Amino acid sequence: MTQRMGFFTDTSVCIGCKACEVACKEWNHVPEDGLNFTGMSYDNTEQLGADTWRHVAFIEQRKPLAEQEPGVDHEGPVPPLGAPPDAAPMTPMAPGEGGDLRWLMASDVCKHCTKAACLDVCPTGALFRTEFGTVVVQSDVCNGCGYCIPACPFGVIGQREDDGRAWKCTLCYDRIGDGLEPACAKACPTDSIQYGPLDELRERAAARVATLNDAGVDDARLYLADTDDGIRGAGAFFLLLDDPEVYGLPPDPIATTRDLPAMWRHAALAAAGLLGAGLLAFAGRA
Amino acid sequence: MSEDAFTSYYGRPVLKPPVWKALDIAGYLFLGGLAGASSVLSAGAELTGRPRLARGTRIGAAGAIAVSLVALVHDLGRPGRFVNMLRVLKWTSPMSVGSWILSAYAPLAGAAAFSAVTGRLPRIGTAAAMAGGVAGPAVAAYTGVLLADTAVPGWHEGHRELPYLFVSSAAAAGGGLGLLVAPRAEVTPARRLGVAGGAAELLVARLMRARLGTVAEAYETGRARVLMRAAEALTGAGALTAALGRGDRRLSAAGGAALLAGSALTRFGVFEAGMTSSKDPKYTVVPQRARLRTG
């Protein structure tokens, strides 16, 4: 294996432009995923799935983003700049009613788990781990059994209806093999999506979260950066500004196959029990 | 469920619900169990000289497994690629293991039934029935792991109980079939297996729900609740009728039919509860939060 590559998505600088969604669809020829109006802030994409490999979540909250320092003094009269329209009730410095507002945006993607349940449960070997440590579906092998779909603890992979097979983010396997960065990272105008060697990204993320915490953004935390969690760390991890479930992410995901040895033991005992019960039923007087 | 406060993204599920169709997959869970337990009965009948019980259960097992295979292939997104199931053998994939178990078991069940129906190749038929009796329990038991090895809370949280629930349910179904097909002189083992299986099914289902905690609610709401209640009633009534109707052929048959129906409803109920639990974020978030709190 060459160096393990991944994504660090720093949601604190995401501006919700959805360039990642568009670039991903363009590069990977991902079909249209529905033109809906959901009423969920600016999110009309809704969720990851077979036809959505990047999804930008929008969350509106009555919370301060952090202690904010505008850097200008508004004590005393402010000199007018031209003639502001009378009807405008809110200038950049006049907070609206209800207090604070923060708008969280986060670009979600397949996590490329170290212990990937989708890959573990795939019965055909269509899902495999690449030389970059990423998890990719071979569409010429997948027979659409659908087992990977409920196995994923993040609800990432889905079945394409008119096609029957399972599809998800490939971390642009075709681009990174040529030394290019994935389409979404390339398109991201704020470097919210960063692509690179995973250990390098983890160092950068730790520094970034320390900077934010020092600056008073106490909510900032890393998600899936630890290698001792239920998926043994992710190839795509995040800096979040609230609990994972606020973004639709599971707070403590585990790869279901972690418990598989226990499950097989129980199944073996159960099978032996059925055989034993069946034989016992023939014992003694009829 | 305690009214734990939890947050979610606009109430959206964290997981993707399975794309499996209830009729195909829950139907297979039932038929696979029925086939597996029937094969155990037919092997026992072979050993103890009960030809009518052996014949009926051989045919039942082959029929059930044949319909199962059709349902399984039909459920694939690409049915034409079903043979890709045999590209690899992976212990981490219960579906892969199951495909290989079925590839071994189905021909055995088929050969045993062929011999029973045509009267040809009796020795091969007997050997196939004996081998099928050993492989049958594997077919009945692995399906518990098949469901439990997912992120679906209603299934995964029950991973200790599901294999036992499914083999109990299989025993009830197999015994039920035996009660329907065997004459009075040969029926006792089927009655014993059916009654014991039914009792175990009721017990394990209760135990599982008690141990599921928060997630048990998925079994106690909506369609899953109706199915699980109906399963309980039919299995209970079937086991009682079969146990008490010892002298009466018709009562025994009615008990057997009720045991079969109860077993099927249990599988559809478990399937439905898993679907429910995958579509509501609370079943994912609340237990995970609790796990993080307790460490």
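**Notebook: the A:R232 loop, strand β10 and the contact of chains A and B**

**Entry 1, a residue with positive phi.** I began at A:R232, which I logged as partly exposed because 15 other C-beta atoms lie within 10 Å. That count falls between the two cut-offs, since a residue is exposed at 12 or fewer such neighbours and buried at 20 or more. I note here, before going further, that the model is predicted, and I read every entry below in that light. I looked up the backbone next and found that A:R232 has a positive phi of about 55°, although the residue is not a glycine. In the chain, A:R232 sits in the loop that joins β9 to β10 of chain A, and I therefore followed the chain onward into β10(A), which comes after that loop.

**Entry 2, strand β10 of chain A.** Is this strand mostly covered or mostly open? I found that β10(A), which runs over residues 236–240, is mostly covered, with 5 of its 5 residues buried. I then looked at the directions in which the residues point: A:A236, A:F238 and A:L240 face one way from β10(A), whereas A:F237 and A:L239 face the other way, and all of them are buried. I recalled that side chains in a regular strand alternate between the two faces of the sheet.

**Entry 3, the strands beside β10.** I asked which strands pair with β10(A), and in what sense. Strand β1 of chain A, residues 5–10, pairs with β10(A) in the parallel sense over 4 bridges, and within that pairing I noted A:T9 opposite A:F238. Strand β9 of chain A, residues 221–223, pairs with β10(A) in the antiparallel sense over 3 bridges, and there I found A:L222 with A:L239 as its bridge partner in β10(A).

**Entry 4, chain A as a whole.** Stepping back from the strand, I counted up the chain: chain A has 7 helices and 10 strands, and 46% of its 286 residues are buried. I also looked at how far apart in sequence the contacting residues are, and among the contacts in chain A with a separation of 6 or more, 65% join residues that are 24 or more positions apart.

**Entry 5, the two domains of chain A.** Chain A is divided into domain 1, residues 5–66 and 98–254, and domain 2, residues 255–286. The centres of these two domains, taken over C-alpha atoms, are 40 Å apart. Their contact involves 11 residues of domain 1 and 4 residues of domain 2. I looked up what supplies the domain 1 side and found that helix α2(A), residues 117–121, gives the largest share, 3 residues. By residue type, the domain 1 side divides into 8 nonpolar, 1 polar and 2 charged.

**Entry 6, helix α7 of chain A.** I turned next to α7(A), residues 260–280, which has 21 residues and reaches 30 Å from its first C-alpha to its last, close to the 30 Å expected at 1.5 Å a residue. Buried residues of this helix include A:L260, A:M263, A:H266, A:A267, A:L274 and A:L275. What covers the buried residues of α7(A)? The elements covering them include α1, α4, α6 and α7 of chain B. The UniProt record, an unreviewed entry, annotates residues 263–283 of chain A as a transmembrane region. In the model, that span is 86% helix and 0% strand, and its end C-alpha atoms lie 30 Å apart.

**Entry 7, the contact of chain B with chain A.** I then examined this contact from the other side, and found that it takes 68 residues from chain B and 54 residues from chain A. Elements giving two or more residues to the chain B side are α1, α3, α4, α6, α7 and α10 of chain B. Of the chain B side, α4(B) supplies the largest share, 9 residues. By type, the chain B side comes to 39 nonpolar, 18 polar and 11 charged residues.

**Entry 8, annotated spans in chain B.** From the UniProt record, again an unreviewed entry, I copied the transmembrane regions of chain B, among them residues 25–47 and 59–77. Residues 25–47 of chain B are 100% helix and 0% strand, with the end C-alpha atoms 33 Å apart. Residues 59–77 of chain B are 89% helix and 0% strand, with the end C-alpha atoms 30 Å apart.

**Entry 9, a positive phi in chain B.** I closed with B:L121, which is not a glycine and yet has a positive phi of about 45°. This residue is found in the loop between α3 and α4 of chain B. I logged B:L121 as partly exposed because it has 13 C-beta neighbours inside 10 Å.

Terms used:
Residues numbered from 1 in each chain as written. Chains lettered and ligands numbered in written order. Predicted model: local features only at pLDDT ≥ 70, side-chain atom pairs only at ≥ 80, totals over all residues. Pairing = 2+ DSSP bridges. Contact = placed C-beta atoms within 7 Å. Nonpolar A, V, L, I, M, F, W, Y, C, P; charged D, E, K, R; others polar. Domains from an automatic or database assignment. Expected span 1.5 Å × (residues − 1). UniProt positions renumbered as here; feature names shortened; annotations may be inferred.
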